[in-house]
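Me: Here's one I'd like you to go through with me. Could you take a close look at the charged side-chain pairs, and then work outwards from there?

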Protein chains: 2
Amino acid sequence: MSFRHIAIIGLGLLGGSIGLAVAARLPGTTTSGFDADPAVRQRARERQLTGTIHETAAEAVAGADLVILCVPVGAMGRAAQDIADALGPDCLVSDVGSSKQSISDALAQALPGHCVIPAHPVAGTENSGPDAGFAELFAQRWCIITPPEGADPDRVKALVQFWEELGAMVECMDAEHHDRVLAVTSHIPHLIAYTIVGTASDLEIVTRSEVIKFSAGGFRDFTRIAASDPTMWRDVFLNNRDAVLEMLDRFLNDLDLMREAIRAGDGDTMFDLFSRTRSIRRSIVALGQDDARPDFGRKDHAGTGMQPN
Amino acid sequence: MSFRHIAIIGLGLLGGSIGLAVAARLPGTTTSGFDADPAVRQRARERQLTGTIHETAAEAVAGADLVILCVPVGAMGRAAQDIADALGPDCLVSDVGSSKQSISDALAQALPGHCVIPAHPVAGTENSGPDAGFAELFAQRWCIITPPEGADPDRVKALVQFWEELGAMVECMDAEHHDRVLAVTSHIPHLIAYTIVGTASDLEIVTRSEVIKFSAGGFRDFTRIAASDPTMWRDVFLNNRDAVLEMLDRFLNDLDLMREAIRAGDGDTMFDLFSRTRSIRRSIVALGQDDARPDFGRKDHAGTGMQPN
């Protein structure tokens, strides 16, 4: 069932982390890699992100029984075309992109007759590029697999097992539902964070220096995800438009209700919302999806915040 | 210039942290405390948040040369009335509230003839109550002091020095400007976080369990500040209405532009914003106001993320 040789196309945060995780956790599996950027290939060689690094994508996938495309969502179709002729007949093709319907369509179109099973590990940091990856990125994180209709159950099982071997927990769902779930849990939060950081930078009446100095009041939490890779996120919003707009309208509607409550001085409506939202965080912490220490355990509080004395 | 005896009214996260910070850093200064909640007073005694804990606010302020009100913004006026008759003639009264114009007015009205200089340490965690405080909360954080017109410069200087002795950096500005700065750096981020967490909880098409599981894609960052104290935050929005509504409209305007960009498939507008916002985070990290490690140094990545190998 296990894969013997895995090719990774795109050696940024995700691709690099997969390479390092395979090396750390699957000693019997070899890896090869390619990145379109020569400087990234050079750095990938230095960090040994994959066993071998190749000058073309076609060379990298030769002999692989699993290929994982780790390029921005908008580059998936093109990356698939580049490897189409070099893929072995039994090679499984997967990816790590954040929007699944558009990628599923693009890969099916570029790779007719090949087995394609898209996947999305819900893990990442604000850093990108070949220096950002680390072997434990997927540990205790969820990976969503979206098998197309009629996908071979054994192939799905093999991909599930692979992600579990990298430390992830796996859930399967259809691509449309994935896109809605991620719109809420990832895409809208990024859009909001990018926007509020932009708003704060553009004010005249409050200086940029004041925004930076006094960011510990809450703003700094938003700047972390607003530092994410711009190309990746542009592609997410171009490719998950419908689900993002649907969820954005829900959010805007709720924000309008809060705006009216503030305008009207309606403290009860505010108190009601502000009380309800605490329990979700408790559940996230209980499920091991976040750090229970205050301020995420930022270094200034390490070892002081949670002690009851 | 230093204060000999400091009374702290309200023994939650901020009041408790001030008490512990004074004990740790100002051995020559004594403290007394009061909280309206008997259970909080009990816990404050066990944790020794202040040197003595009293059954009334009037008893707690007797003999103090500095009183710091650490109650929710909406309770400031009432707390000031409760101590008015017990204050010594030379006692300086200050506070830690997040909106300064309304507090300045409330304290001036409740304490005619007394010296009042409001202050706001821009520091906190998502935890509240008598167990949440710790001595280093203010270290390397900014404290904003908003001296009313005509305030005695020596008194201002003494308050600046006090906060610096607790490890904070101090900046003085007028109350109106403070309220605008904090609307951007703290109040709007909290409002947005509370709202999106509420939106996500109320969806039918995406379950609460899915929101929790897949929160590592960005959503979980918002849940931290959406777990903050509901009473405190209700009072902030009731008391800083004008500045919050002004900044909220700026944000909504910018979000509408992004919504149109997504609808129109305008990748250039997205890429432009997503690229601009990275530099603000770099500045915040450079100024020591956030943790440079990926994911704020959450425990799963400790010691792995930033090493270039």
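Reply: Let's begin with the domain that holds most of what follows. UniProt, in an unreviewed entry, lists "domain: Prephenate/arogenate dehydrogenase" for residues 4–292 of chain A; positions are in the numbering used here, the feature name is shortened, and such annotations may be inferred rather than shown by experiment. This is a predicted model, where local features need pLDDT of at least 70 and side-chain atom pairs count only at pLDDT 80 or more, while totals for chains, interfaces and linings use all residues. Residues are numbered from 1 along each chain as its sequence is written, chains are lettered from A and ligands numbered from 1 in the order in which they are written, and side-chain values use heavy atoms, with hydrogens and water left out.

Over residues 4–292, chain A is 53% helix and 11% strand, with the end C-alpha atoms 39 Å apart. Helices here are DSSP runs of H or I with at least four residues, strands are runs of E with at least two, and both are numbered from the N terminus.

Now the charged pairs. Side chains of opposite charge can pair when their charged atoms come close. Counting a salt bridge as a side-chain nitrogen of Lys or Arg within 4 Å of a carboxyl oxygen of Asp or Glu, you get 50 over all chains. Take Arg224(A) and Glu126(A): their closest N and O atoms are 2.9 Å apart. The pair links distant parts of the chain, with Arg224(A) in helix α9 (residues 219–225) and Glu126(A) in the loop between β7 (119–121) and β8 (142–145), 98 residues apart. Both partners are tucked away: Arg224(A) is buried at 3% relative accessibility, and Glu126(A) is buried at 6%. (Buried is under 20% relative accessible area, exposed is over 50%, and partly exposed is in between, using a 1.4 Å probe and protein chains only.)

Arg281(A) and Asp290(A) make another salt bridge, at 3.3 Å between the closest N and O atoms, and both residues are buried. These two pairs belong to a network of salt bridges that also takes in Arg220(B), Asp221(B) and Asp295(B).

Over in chain B, Arg180(B) pairs with Glu246(B) at 3.0 Å. Arg180(B) sits in helix α7 (residues 175–202) and Glu246(B) in helix α11 (residues 241–264), so the bridge ties together parts 66 residues apart in sequence. Glu246(B) is partly exposed, at 32%.

That α7(B) helix also meets chain A. Helix α12(A) (residues 267–276) packs on α7(B) at about 70 degrees, with the axes 9 Å apart; axes are lines fitted to C-alpha atoms, for helices over the stretch in contact, and angles run from 0 to 180 degrees between N-to-C directions. The two helices are therefore roughly perpendicular (65 to 115 degrees; under 35 is roughly parallel, over 145 roughly antiparallel, the rest oblique). Leu273(A), Phe274(A) and Arg276(A) do the touching on the α12(A) side, against Tyr194(B), Thr195(B), Gly198(B), Ser201(B) and Asp202(B), where contact means heavy atoms within 4.5 Å.

How are the chains related? Chain B lands on chain A with an RMSD of 0.0 Å after a turn of 180 degrees and a shift of 0.0 Å along the axis, by least squares on C-alpha atoms of residues with pLDDT of at least 70 in both. That is the relation of a two-fold axis. The same surface serves both copies, with 99% of the contact residues of chain B recurring in chain A.
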